[in-house]
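Reader: Please take one part of this model and go through it closely, with the cut-offs behind each term. I would like the sheets first, then what packs on and around them.

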Amino acid sequence: MQRKKIAILGSTGSIGRQTLDVVRQHPDRFQVEVITAGSNAALLAEQANEFSVPHAVICDVTKYDEVKDALVGNATEVHAGIDAACDLVTGKHVDIVVASMVGFSGLRPTLAAIRAGKDIALANKETLVAAGSIVMAEARKHGVKILPVDSEHSAIFQCLQGAQGNPLARIHLTASGGPFRTWERAQIESAGKDLALRHPNWNMGAKITIDSATMMNKGFEVIEAKWLFDVEPERIHVVVHPESVIHSMVEFADGAVLAQLGCPDMREPIQLALSYPERLSLNNKKLDFGSLGALTFFEPDLDKFPCLKLAFDAIGRGGNIPCALNAANEAAVAGYLQDRIGFYDIASVAADTLACTEFVADPTLDDIFATNEEAFVHARSLIW
């Protein structure tokens, strides 16, 4: 069997590293052709060496020599800059692209891959948050499959495989509630980043872990689900499920609900996206229903987690507003991680930015890039 050739945008991040672990378990099925990193030169070189990767891209051009020197004598070609990543994912040597770069930076190379007819294993939700209408239109135009890697959207995707073509009535999008689920608002208000980074269930990068703590991540997943599954936000119900065993559910017209369950391990949805429709063995923890205990569910508290409401409001307004929200959140989370603002200032900065954003109902790609820049600059001006 010919191995599937993979490009990983963001190989040194959490999703990228777990993707490589899937490849380790199935070297006969997958070949890594391209890896990219933002600035982690040492790990990029280590990965290129271990997996004999033909092409490695360091997006921070100042780190090019570090990667090049680390790979002297190897067959790996070293490239620098985001343009190189955009070019390499379009080549004939790539079958599927794992889009796992953090934030808005993933949009350009993901679009380049789509336009080259490459299937996308999508972990970068900001791509759809910022430019969902454009990305999905391009995917349809080029006959590209967008295979979700987020555990929640993979769950919805899997549930819909059993729907026999019946339309969904509602999506129940589960959320862990993050580290502050049981805290009072007054306690949360003074919480520093060290506490916010202690996610109870998932091992993720700093940005997405803070987004989980604010529930902005769940709001972005609502927007992502709207585009992936062509469903209005009113039919997406967010429910807090602290055990993170049910990854999401789909409800149908007769009231029947299909759910996808599993241990909290991102390698399962990553592997499914790479091997779909086939399911491969995976060296992961399996559910033990005898010792599982109770599964609990709660409605989210929008007073404690205003970022979730901001996301619903943004997709309700549509146009370029979700893009502005994403940009403002990127700036605000960076400020919080640098101890420049408090926890609830993240929501305040985002709300202020949205109030100042000029609305574009049907944005072009140029509009999206302009909105991202303007919103980020405005949000940053409120922090620095």
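Author: What follows starts with the seven-stranded sheet and then moves to the core, the helix pairs and a second sheet.

The model is predicted, so local features need pLDDT of at least 70, side-chain atom pairs count only at pLDDT 80 or more, and totals for chains, interfaces and linings use all residues. Residues are numbered from 1 along each chain as its sequence is written, and side-chain values use heavy atoms, with hydrogens and water left out.

Helices and strands here are DSSP runs numbered from the N terminus (H or I of at least four residues for a helix, E of at least two for a strand). Two strands pair if DSSP finds at least two bridges between them. In general, strands of a sheet pair through backbone hydrogen bonds, either parallel or antiparallel.

The sheet is open and has 7 strands in the order β4-β3-β2-β1-β5-β6-β7, with parallel pairing. Its edges are β4 (77-80) and β7 (146-148), each of which pairs on one side only. With direction ignored, neighbouring strands are turned by 20° against each other on average; axes are lines fitted to C-alpha atoms, for helices over the stretch in contact, and angles run from 0 to 180 degrees between N-to-C directions.

Individual pairings can be followed across the sheet. Strand β2 (residues 30-37) joins strand β3 (residues 55-58) in the parallel sense over 4 bridges, and Thr36 stands opposite Val57 in β3. β1 and β5 are also parallel, over 4 bridges, with Val98 of β5 as the bridge partner of Ile8. β5 in turn pairs with β6 in the parallel sense over 4 bridges, and there Val97 stands opposite Ile120.

Strand β5 is covered on both faces: Ile96 and Val98 on one side, and Val97 and Ala99 on the other, are all buried. Buried means under 20% relative accessible area, exposed means over 50%, and partly exposed lies in between (1.4 Å probe, protein chains only).

Helix α5 (residues 107-115) packs on this sheet and touches β1 (4-9), β5 (96-99), β6 (119-122) and β7. The direction of α5 makes about 150° with that of β6. Contact means heavy atoms within 4.5 Å. Leaving aside neighbours within four places in sequence, Ile120 is in contact with ten residues' worth of surroundings that include Ile96, Val97, Ala99, Thr110, Ala113, Ile114 and Ile146.Ile120 also belongs to the largest nonpolar core, which has 121 residues, and touches the most other members together with Ile146 and Leu325. A nonpolar core is a set of buried Ala, Val, Leu, Ile, Met, Phe, Trp, Tyr and Cys residues joined through side-chain atoms within 4.5 Å. The largest share of this core, 10 residues, comes from helix α14 (residues 321-337).

Next to β2 and β3 is helix α2 (residues 41-51), whose buried residues pack against α1 (14-25), β2, β3 and α3 (64-70). Those buried residues are Ala41, Leu43, Leu44, Ala45, Gln47, Ala48 and Phe51. Just after α2, Ser52 takes a positive phi of about 50°.

Two helix pairs come next. Two packed helices are described by the angle between their axes and the distance between the axes. The axes of α14 and helix α16 (residues 365-381) come within 8 Å and cross at roughly 40°. This crossing of α14 and α16 is right-handed; a crossing is left-handed if the near helix is turned anticlockwise from the far one by less than a right angle, and right-handed if clockwise. Among the contact residues are Cys323, Ala324 and Ala327 of α14, and Ile368, Thr371 and Asn372 of α16.

Leu365 is found in helix α16. At 22% relative accessibility, Leu365 counts as partly exposed. Leaving aside neighbours within four places in sequence, Leu365 is in contact with Leu107, Leu111, Arg115 and Ile134.

The other pair is helix α13 (residues 306-317) and helix α15 (residues 345-356), which pack at an angle of about 20° with their axes 9 Å apart. That makes α13 roughly parallel to α15, as angles under 35 degrees count as roughly parallel, over 145 as roughly antiparallel, 65 to 115 as roughly perpendicular and the rest as oblique. The crossing of α13 and α15 is left-handed.

The second sheet is open and has 4 strands in the order β9-β8-β10-β11, with mixed pairing. Its edge strands are β9 (236-240) and β11 (257-261). Strand β10 (residues 246-251) and β11 pair in the antiparallel sense over 5 bridges, and Glu251 stands opposite Val257 in β11. Helix α7 (residues 151-161) lies across β8 (170-175), β10 and β11, running at about 40° to β10.
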